[in-house]
Amino acid sequence: MAVLVTGGGGYIGTHVCVELLNHGYDIVVVDNFSNSSVEGINRVKTITGKTFKIYQTDLLHKRKLIDIFEQNSINSVIHLAGYKSVGESTEKPIKYYANNIISTINICEIMKKFDVKKIVFSSSATVYAPSNNHQPISENFPLGATNPYGRTKLIIEHFLSDLSQSDSDWSIGILRYFNPVGAHSSGLIGEDPKGVPNNLVPYLARVAIGKLPVLSIFGNDYPTMDGTGVRDYIHVVDLAQGHVYALQKVESTTGIDRYNLGTGKGYSVLEMVHSYEKASGRKIPYEIAPRRKGDVAICYADPSKARNELGWVAKIGLKEMCQDSWNWQQNNPNGYEGDHPSPLNALKR
Ligand code: UD1
């Protein structure tokens with residue numbers, strides 16, 4: 001019996017695959033590699049010493065999904081595949097709605113056809129309505145995404161809830177990620193954004209290594225301890241382990257549940273800069289820029305539901321998050337080979 005991991009080639013996907021394999025699960029990966037590299041999957045095999053099947057396929061192709069279910073003994077799904085850039089989603093809403101939503105409907109339709117009704121879904125803290133004065137955020141906080149990407153996550157959450165209502169055999173775990181950062185301690189897998197990174201930590205990494213000249217800090221007049229934005233950064237290995245705990249819960253129950261995956265601690269942009277300077281031993285030049293549209297001052301999780309109901313807690317601190325990010329950046333200054341789309345036959349068999 002295997003877990004089907006959609007989007008297993010991505011930043012979070014590769015780390016989830018490592019944790020599943022380390023916990024003794026068999027996995028099958030499906031990814032279209034539109035925003036990831038087969039080299040990441042090769043490295044999952046190197047880290048774990050295990051092998052597994054990979055399908056380079058788009059979840060929009062139902063026939064191919066049926067083939068995967070026919071060819072493998074799948075009994076649960078971790079669904080991570082999806083487009084995830086907030087900025088791009090505002091420019092290309094059709095691309096985001098069509099891909100993220102239809103691919104989820106397809107995967108659930110085929111799961112139902114094969115009587116596989118256990119799924120863990122990758123959602124985001126972006127589904128919560130923006131709030132500057134009510135922290136930390138627990139799962140019953142009001143919902144209300146502010147951009148097309150976030151709305152696709154919210155719509156999928158509603159869809160999964162309707163699915164659960166319609167058939168009590170389904171077991172669904174929704175994971176709302178806060179800000180995943182860092183990399184596997186081996187330095188073999190990590191975040192490899194295309195072009196100029198949008199998110200803080202990959203941007204810091206590029207400045208530290210000298211590929212970008214200066215960090216723009218988006219606002220220093222927020223009502224926070226030093227005026228810069230505060231977020232709940234969580235090490236990607238902790239996040240990946242959260243998926244294993246959620247899967248174990250999904251395997252043993254039915255119904256639907258939502259869990260925050262965060263540390264419960266917030267750090268400001270300036271604290272991140274200083275921590276990254278320590279980790280890298282490099283000075284990080286920065287300038288203060290205007291606030292970024294859509295940003296809130298503070299956002300951090302109440303992770304107690306995941307602790308109480310899944311038995312999961314984030315263990316890795318800020319120092320290691322920055323050290324592991326830097327280790328990955330130094331070992332892979334051009335990411336995975338410098339270019340992303342690689343033919344599937346480059347995969348290690
Ligand atoms: C962003 C996304 C969110 C997504 C998450 C994934 C937006 C509005 N939100 O969250 O939907 O789930 O990434 O991790 O894009 N910052 C700078 N300079 C930079 C980059 C960021 O000062 O060059 C600041 C931001 O203003 C913010 C903090 O760093 O205060 C974190 O930003 P970022 O890493 O982009 O994450 P979020 O905005 O929290």
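Here are three short exercises on a predicted model.

**Exercise 1. Place Thr104**

Find which helix holds Thr104, decide whether Thr104 is buried or exposed, and list its contacts beyond its neighbours within four places in sequence.

*Solution.*
- Step 1. Thr104 sits in helix H5, residues 93-113.
- Step 2. Buried means under 20% relative accessible area. Thr104 has 1% relative accessibility, so Thr104 counts as buried.
- Step 3. Setting those neighbours aside, Thr104 touches His79, Ile156 and Phe159.
- Step 4. Take His79 from that list. The side chains of Thr104 and His79 also share a polar contact of 3.0 Å.

**Exercise 2. Look around H7**

Work out how many residues of helix H7 are buried, and name the elements they pack against.

*Solution.*
- Step 1. Helix H7 covers residues 200-208.
- Step 2. Nine of the nine residues are buried, so H7 is largely enclosed by the rest of the structure. Among them are Tyr203 and Arg206.
- Step 3. The buried residues pack against strands S7 (179-181), S8 (215-218) and S10 (233-235). They also pack against helices H9 (269-280) and H11 (318-331).
- Step 4. Step past the helix. Just after H7, Gly210 has a positive phi of about 90°.

**Exercise 3. Check the span of H11**

Compare the reach of H11 with the span expected at 1.5 Å a residue, then find what its buried residues pack against.

*Solution.*
- Step 1. H11 has 14 residues.
- Step 2. From first C-alpha to last, H11 reaches 20 Å, close to the expected 20 Å.
- Step 3. Buried residues of H11 include Leu318, Trp326 and Trp328.
- Step 4. The buried residues of H11 pack against helix H2 (38-48), S7, H7, S10, strand S12 (267-268) and H9.

Definitions and conventions. Residues numbered from 1 in each chain as written. Predicted model: local features only at pLDDT ≥ 70, side-chain atom pairs only at ≥ 80, totals over all residues. Heavy atoms only, no water. Helix = DSSP H or I, 4+ residues; strand = E, 2+ residues; numbered from the N terminus. Buried < 20%, exposed > 50% of the residue type's maximum accessible area, 1.4 Å probe, protein only. Polar contact = N/O pair within 3.5 Å; in protein donor to acceptor, adjacent residues only side chain to side chain. Contact = heavy atoms within 4.5 Å. Expected span 1.5 Å × (residues − 1).
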